[in-house]
Amino acid sequence: MAEAIYWPTVFFWLFAVIACAFAVAVVLCANIVRMAFYLVLSLAATAALFFLAGADFVGAMQLLIYVGGTLVLLIFGVMLTSQDRFVSMKTSREEMSIAILVGACLLAVLVWAAVSVPDWNGLGRAAAEALPLEPTAAPIGMGLLGARVDAPDRSGYLLIFEIISVHLLVVLLGAAYLARAQQKRSSAVG
Amino acid sequence: MAEFLTQYIPAWLAYSAAALVHIVLLINLIAVGALFFIWLERKVAGRIQDRLGPTRVGGKFGWLQTLADGLKLITKEDLMPEGADEFLFKIAPYVSFCASFAALMALPFSDSDMPFVAQHLNVGVFFIIAVLGLEVFGVILAGYSSASKWSLFGAMREAAQVVSYEVPLGMCAVVPVLIAGSMDLVYIGDCQAGPVWNWFIFHDPFTFLVFWVYFTCATASVNRAPFDLAEAESELVAGFHTEYSGLRWSFFFMAEYGSMLAVSLLASILFLGGWHGPIPVANWLGLTFDNRPLLGYLGNVLGCVNILAKGVIGVTVMMWVRWTLPRLRIDQVITTCLKYCVPIAAVCFLGATWWQFMWPNGLLLETPVAVYELRENWPEAPAANPPATVAANLQRGAI
């Protein structure tokens, strides 16, 4: 298996470049639907990075939530803004400069954080090749049920999981309630 | 397969060759499947409407009809409406097709010793449902970029429909996952080994009910009649593909037939025993890897035939439904989803949980205790988890 080219790295760079290139395309594009399309490609490349890292569950989650969520975003974008046939958005120079400043600051902080954590520096090729393949879905599930497989005391995230679940349920019910109330009022007026 | 090839040729060549074989097989499954299903659709429609369907092209039964259709489509002019968004208009059919193809990538076609699967994921169910939901993206792009109000209406309807039907579809797919205790499709299929009463559809009354809900939602999510509002010709000319012609148009249809086959195959793995036939013939004949690799391989081929037969039967039922039931209105479609499918699926999910809790081994099924086995295999209280890097995980076999 000793080869000159380390293919995982090649694929990592391939998907990373795709993700970044389409992220830049989102910023530079003026048409809202094309933007959404580029955003989907960028997020899908991120999902590919997760699959590359062996995190099947997170990758599928990325596809379902982010890429699927962009779909809904796109629909709202079209429905709420389509006064003309093709909507284009123009950004003023001041907005652009502020956005570049904020974006650059965030990028700097993230890069600094990523480099400064010693655990994130990677293993090196020999150590990486020695790691065994483990399933990810079952440990995640066990962790959410309160029995982490990698923790010494088998602690877990049961309470947090329950709080988030109930919170999401409340949000869902609230959304349904709001949509319903609006419908009643409009029918009463009309 | 790639591991096998690396013994003889360099690794990069082996992986490329293995990937190429998988891709060619799956694309052929979609393309040849579409050829066959379009012919079948005409025949089924004909028989249901008391006529013969195609009879002339290619001799008996008109079995070359689709090829003639294909030739016609290739020779058609590739039109694009004035004022359309060129880039999105051109790319939309491929987006649909890619989603439908990617779903088949994680779908196993036979047994667990050496499964016929392009990419064995341990979250297969989840991946397939996530990817199938993306097919609608191509439809929305097509509808929007066509610069036609019919297309846009069709796309919006499709979007509303698919987004709402994903909820009950996911709830239904969770039930077999719950019974098997795994999201790995190969494992779920192998839980149902043995005779017909081991299939999850006969596991308990709730799974029997939930199968029909799944089938309804699957029909809706692949946009087939009676849920084909996105292309309702009586109101919307042809819906989202009004402006498409020729080969681009046919890509939408290949995608549609591909995802019909994908949801049918998924249904057969989740509920109908997957690659296990109604009678365990393969075991009686000794077609397992324990005996000889060649016999095991034959058993796998038999399993592949089994699951494809189940998939084709599923698609045929969808056609039967299409030519029998009238098209629903959009409010009826959403009502069916939110007022019937979601509550039934939720109750069945709770019921199946309760059943599993009361009779963990089922009444007839011998459920393996995979979760507990997994638990014992985990390292006992490690000091710290080794930090995983992308490269490390990748080397461990993510590609």
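Start by selecting W199(B), which sits in the loop between α8 (185–191) and α9 (205–221) of chain B. Keep in mind throughout that this is a predicted model. Is W199(B) buried or exposed? With a relative accessible area of 10%, W199(B) is buried. Now show what surrounds the side chain. Beyond residues up to four places away in sequence, W199(B) touches Q192(B), F271(B), L272(B), G273(B), H276(B), G277(B), P278(B) and K310(B). Pick G277(B) from that list and draw a distance: its C-alpha atom is 9.8 Å from that of W199(B), though the two positions lie 78 residues apart along the chain.

**Into the core**

Next, select L270(B). Setting aside neighbours within four places in sequence, L270(B) is in contact with V125(B), A173(B), P176(B), L185(B), I188(B), Q192(B), F200(B) and Y214(B). You have met Q192(B) already, as one of the residues touched by W199(B).

L270(B) also belongs to the largest nonpolar core, which has 118 residues. Colour the residues with the most contacts inside this core: L63(A), F127(B), I128(B), Y214(B) and L270(B). Which helix gives the core its largest share? Select residues 246–270 of chain B: this is helix α11, and it supplies 13 residues.

Two of those highlighted residues, F127(B) and I128(B), lead to the next stop. Select helix α5, residues 124–132 of chain B. How many of the residues of this helix are buried? Nine of the nine are, so α5(B) is largely enclosed by the rest of the structure. Label them as you go along the helix: G124(B), V125(B), F126(B), F127(B), I128(B), I129(B), A130(B), V131(B) and L132(B). V125(B) may look familiar, being one of the contacts of L270(B).

**A pair of helices in chain B**

Now show two helices together: α7 (residues 149–180) and α14 (residues 330–358), both of chain B. Their axes come within 9 Å and cross at roughly 10°. With angles under 35 degrees counting as roughly parallel, α7(B) and α14(B) are therefore roughly parallel to each other. The crossing of α7(B) past α14(B) is left-handed. Colour the contact by residue class and you will find 20 nonpolar residues, five polar and one charged.

**Across to chain A**

For a view that takes in both chains, select helix α2 (residues 32–52) of chain A and helix α4 (residues 86–105) of chain B. These pack at an angle of about 40°, with 11 Å between their axes. How are the two helices oriented? α2(A) and α4(B) are oblique to each other, and α2(A) passes α4(B) in a left-handed crossing. Show the side chains here: V33(A), R34(A), F37(A) and Y38(A) come from α2(A), and E86(B), F87(B), L88(B), I91(B) and V95(B) from α4(B). By class, this contact has seven nonpolar residues, no polar ones and two charged.

Stay in chain A and move to Q62(A), found in helix α3 (residues 56–81). At 8% relative accessibility, Q62(A) counts as buried. Leaving out residues up to four places away in sequence, Q62(A) touches L43(A), T46(A), A47(A), F50(A) and V67(A).

For a contrast, select L159(A) in helix α7 (residues 158–189) of chain A. L159(A) is exposed, with a relative accessible area of 62%. Draw a line from its C-alpha atom to that of C105(A): these residues are 54 apart along the chain, and their C-alpha atoms are separated by 35 Å.

**A backbone stop**

Return to chain B and select D50(B), in the loop between α2 (11–48) and α3 (65–75). Most residues other than glycine have a negative phi. D50(B) is not a glycine, yet it has a positive phi of about 60°. At 73% relative accessibility, D50(B) counts as exposed.

**Zooming out**

Finish with each whole chain in view. Chain A comes to seven helices and zero strands, and buried residues make up 26% of its 190 residues. Of the chain A contacts with a separation of 6 or more, 47% are between residues 24 or more positions apart. Chain B has 16 helices and zero strands, and 51% of its 399 residues are buried. Among chain B contacts between residues at least 6 apart in sequence, 76% join residues at least 24 apart.

Conventions:
Residues are numbered from 1 along each chain as its sequence is written. Chains are lettered from A and ligands numbered from 1 in the order in which they are written. This is a predicted model: local features need pLDDT of at least 70, side-chain atom pairs count only at pLDDT 80 or more; totals for chains, interfaces and linings use all residues. Side-chain values use heavy atoms; hydrogens and water are left out. A nonpolar core is a set of buried Ala, Val, Leu, Ile, Met, Phe, Trp, Tyr and Cys residues joined through side-chain atoms within 4.5 Å. Buried means under 20% relative accessible area, exposed over 50%, partly exposed in between (1.4 Å probe, protein chains only). Helices (H or I, at least four residues) and strands (E, at least two) are DSSP runs, numbered from the N terminus. Contact means heavy atoms within 4.5 Å. Axes are lines fitted to C-alpha atoms, for helices over the stretch in contact, and angles run from 0 to 180 degrees between N-to-C directions. Angles under 35 degrees count as roughly parallel, over 145 as roughly antiparallel, 65 to 115 as roughly perpendicular and the rest as oblique. A crossing is left-handed if the near helix is turned anticlockwise from the far one by less than a right angle, and right-handed if clockwise. Ala, Val, Leu, Ile, Met, Phe, Trp, Tyr, Cys and Pro count as nonpolar, Asp, Glu, Lys and Arg as charged, and the others, Gly among them, as polar.
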